Amino acid sequence: MIHKNNDAYKSIGEVAKILNLVNKKKGTLNTHTIRFWEKEFKQIKPKILNGNRRYYNNDTIEVLKKVKYLLKDQGMTIIGVKKVLNSDKSLKLDELPNNSINADYSLKNKLKKISDLIKKIKSLR
């Protein structure tokens, strides 16, 4: 078996395996999902060589991992993911869960303050 250099370009099938995009019923790779994301997100730019074969470098694969994480795991919309990818903030994949936890914590604090205010108002009556 020949092992590819980690910096080598990967085929769409290899990328689908890396992203674990597998059709659960058939057990086949969902390469059409990657092609769809290419149309939706300008940051995904494969090299297209002879016979329209697509090849992806590591940077593009990282963008695809972010897209999959935000869409599939975080339940974001395509528009939401576009905003994240177009924002100036550099979002590393391992930072993303922390950001959402902070947002939840902040929201929880605000709700608690509102609840406390309502209790104060009720006690003044």
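S11 sits opposite Y55 of strand 3, and K10 faces Y56 in that strand. The model is a predicted one, in which local features need pLDDT of at least 70 and side-chain atom pairs count only at pLDDT 80 or more, while totals for chains, interfaces and linings use all residues. Residues are numbered from 1 along each chain as its sequence is written, and side-chain values use heavy atoms, with hydrogens and water left out.

Strand 1 and strand 3 (residues 53-56) run antiparallel and are joined by two bridges; strands here are DSSP runs of E with at least two residues, helices are runs of H or I with at least four, and both are numbered from the N terminus. Pairing of two strands takes at least two DSSP bridges between them. On the other side of the picture, three bridges tie strand 2 to strand 3, again antiparallel, with K47 having Y55 as its bridge partner. Put together, this gives an open, antiparallel sheet of three strands in the order 1-3-2. Strand 1 (10-11) and strand 2 (47-49) are the edges, each pairing on one side only. Strand 2 and strand 3 make a hairpin with three residues between them, and G51 in the turn has a positive phi of about 70 degrees.

Next come the helices. Helix 3 lies across strand 1 and strand 3 and runs at about 90 degrees to strand 3. Helix 3 (residues 58-73) also packs on helix 4 (residues 78-86), at an angle of about 135 degrees and with the axes 10 Å apart. Axes are lines fitted to C-alpha atoms, for helices over the stretch in contact, and angles run from 0 to 180 degrees between N-to-C directions. The two helices are therefore oblique to each other, the label left over once angles under 35 degrees (roughly parallel), over 145 (roughly antiparallel) and 65 to 115 (roughly perpendicular) are taken out. V63, V67, L70 and L71 of helix 3 make the contact (heavy atoms within 4.5 Å) with I78, V81, V84 and L85 of helix 4. Those contact residues divide into eight nonpolar, no polar and no charged.

That leaves T31, which belongs to helix 2 (residues 31-40). T31 is buried, at 18% relative accessible area, where buried means under 20%, exposed over 50% and partly exposed in between, with a 1.4 Å probe and protein chains only. Leaving aside residues up to four places away in sequence, T31 touches I12, G13 and A16. K17 is 14 residues from T31 in sequence, with 9.2 Å between their C-alpha atoms.

Methods. Nonpolar A, V, L, I, M, F, W, Y, C, P; charged D, E, K, R; others polar.
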